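Colleague: I've got a model open on my screen and I'd like to learn how to read it. Could you walk me through it, feature by feature?

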Amino acid sequence: METTFSYKLESFEGPLDLLLQLIAKNKLDIYDIQLTVLIDQYLEQIDLMQQDTTDIASEFLEMASRLIYLKTAKLLPKHEEYEQLKDEFVGELIEYQTCRKIAELLAQQTDGFDKFVKGPSKVELPKTYELVHPKETLFDAYISAVGRGQRRLPPNTDAFAKIVAKKIVSVSTKIVYVMRNLITRGPQKLARLYHSAKSRSELVATFLAVLELCKANRVHINGDGNDAEIKIIKERK
């Protein structure tokens with residue numbers, strides 16, 4: 001003859017809490033639990049919740065699907081998967097029951113956790129620095145602070161003076177210089193054109209001027225190295 005259990009549940013938190021209340025109400029042994037009876041009662045309770053309200057937490061429905069799968073696994077020819085799932089499920093119930101008991105004991109000992117709550121105290125901080133340091137320590141701290149302040153300043157312009165303050169020599173002025181030199185002095189050694197250069201910028205400008213004149217067929221260079229000679233190409237009449 002099948003035994004029928006009658007029960008009336010109070011409020012509960014989460015699916016594990018509901019399962020523990022079902023176990024307690026029907027005096028089931030959690031270490032040797034009748035899963036079929038417990039699963040049927042849990043699913044019946046879910047049906048009642050759906051009738052009373054349309055809003056059920058997803059965790060209750062997730063547990064319901066898990067229990068249905070567990071009940072289905074028991075019907076399989078091989079019970080290895082069922083035994084594993086059962087051990088995991090019972091282990092979670094035991095662990096949750098232990099945590100509940102510890103929480104109840106702590107609540108009795110402290111008479112509520114809010115008992116030891118204390119608001120912040122007002123602390124008067126001293127406005128006078130009372131510590132004493134050696135003068136060397138103060139000096140090192142001052143130098144360190146001054147150094148950090150100087151690193152935030154813009155860089156000294158002296159560091160860029162040799163770059164920014166250099167006179168830029170234009171190639172066009174050197175083209176005029178080369179042509180005037182060749183007109184007045186005639187053909188000459190190419191190296192002679194660089195003798196009057198006073199800076200690297202002037203040397204580069206002279207070199208580029210010679211290249212531009214060669215490209216325009218205004219001058220002709222004959223020879224290599226120090227023997228190279230430059231002269232003006234005379235226009236054909």
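Modeller: Sure, we'll go from the overall layout to salt bridges, a cavity and a few surface spots. Keep in mind that this is a predicted model.

Colleague: Let's start with the layout, then. How many helices and strands does the chain have?

Modeller: There are 8 helices and 3 strands. Going along the sequence, they come in the pattern α-α-α-α-α-α-α-β-α-β-β. Of the 237 residues in the chain, 24% are buried.

Colleague: Okay, salt bridges next. What's the general idea?

Modeller: Side chains of opposite charge can pair when their charged atoms come close. In this structure you'll find 4 salt bridges. One of them joins D17 and R100, with the closest N and O atoms 2.7 Å apart. D17 sits in helix α1 and R100 in helix α4, so this pair ties together parts that are 83 residues apart in sequence.

Colleague: Is D17 buried or exposed?

Modeller: D17 is buried, because its relative accessible area is 7% and the cut-off for buried is under 20%. Its partner R100 is partly exposed, at 29%.

Colleague: Which residue does K71 form a salt bridge with?

Modeller: That would be D40, and the closest N and O atoms there are 2.6 Å apart. K71 belongs to helix α3 and D40 to helix α2, so the link spans 31 residues in sequence. Both ends are partly exposed: K71 has 33% relative accessibility, and D40 has 34%.

Colleague: And what about R66?

Modeller: R66 forms a salt bridge with E92, at 3.0 Å between the closest N and O atoms. Here helix α3 supplies R66 and helix α4 supplies E92, so parts 26 residues apart in sequence are tied together. R66 is partly exposed at 30%, and E92 is partly exposed at 31%.

Colleague: How do you go about finding empty space inside a model?

Modeller: Rolling a probe the size of a water molecule over the atoms shows where empty space is left. A search of this whole structure turns up 1 cavity of 30 Å³ or more, and its volume is about 30 Å³.

Colleague: Which residues line the largest cavity?

Modeller: The lining is L35, T36, I39, L70, K71, K74 and Y82. You've met K71 already, as the salt-bridge partner of D40. Helices α2 and α3 each give at least two lining residues, and α2 has the largest share, with 3. By type, the lining splits into 4 nonpolar, 1 polar and 2 charged residues.

Colleague: Now the outside. Which residues form the nonpolar patch on the surface?

Modeller: Look for F139, Y142, I143 and V146, which together have about 400 Å² of accessible area. Y142 is part of helix α5, residues 135–151. At 53% relative accessibility, Y142 counts as exposed, since the cut-off for exposed is over 50%.

Colleague: Any backbone detail I should look at?

Modeller: Try N217, in the loop between α8 and β2. Its phi is near 60°, a positive value in a residue other than glycine. N217 is also exposed, at 56%.

Colleague: Last one: how do I spot residues that are apart in sequence but meet in the fold?

Modeller: Compare the sequence gap with the C-alpha distance. Q188 and A228 are 40 residues apart in sequence, with 8.7 Å between their C-alpha atoms. Q188 lies in strand β1 and is buried, at 7%. For S58 and G14, the gap is 44 residues and the C-alpha separation is 9.9 Å. S58, in helix α3, counts as exposed at 58%.

Key
Residues are numbered from 1 along each chain as its sequence is written. This is a predicted model: local features need pLDDT of at least 70, side-chain atom pairs count only at pLDDT 80 or more; totals for chains, interfaces and linings use all residues. Side-chain values use heavy atoms; hydrogens and water are left out. On a 1 Å grid over the protein atoms alone, a cavity is a set of points where a 1.4 Å probe fits but cannot get out, and a pocket is an open set with protein on both sides within 12 Å along at least five of seven lines; lining residues have an atom within 4 Å of a point. Grid points are joined across faces, edges and corners, and a volume is the space filled by probe spheres set on the points. Helices (H or I, at least four residues) and strands (E, at least two) are DSSP runs, numbered from the N terminus. Ala, Val, Leu, Ile, Met, Phe, Trp, Tyr, Cys and Pro count as nonpolar, Asp, Glu, Lys and Arg as charged, and the others, Gly among them, as polar. Patches are made of residues with over 30% relative accessible area and no salt bridge: like charges are joined within 9 Å, nonpolar side chains (Val, Leu, Ile, Met, Phe, Trp, Tyr) within 5 Å. Accessible areas come from the Shrake-Rupley method with a 1.4 Å probe; for residues, only the protein chains shown count as cover. A salt bridge is a side-chain nitrogen of Lys or Arg within 4 Å of a carboxyl oxygen of Asp or Glu. Buried means under 20% relative accessible area, exposed over 50%, partly exposed in between (1.4 Å probe, protein chains only).
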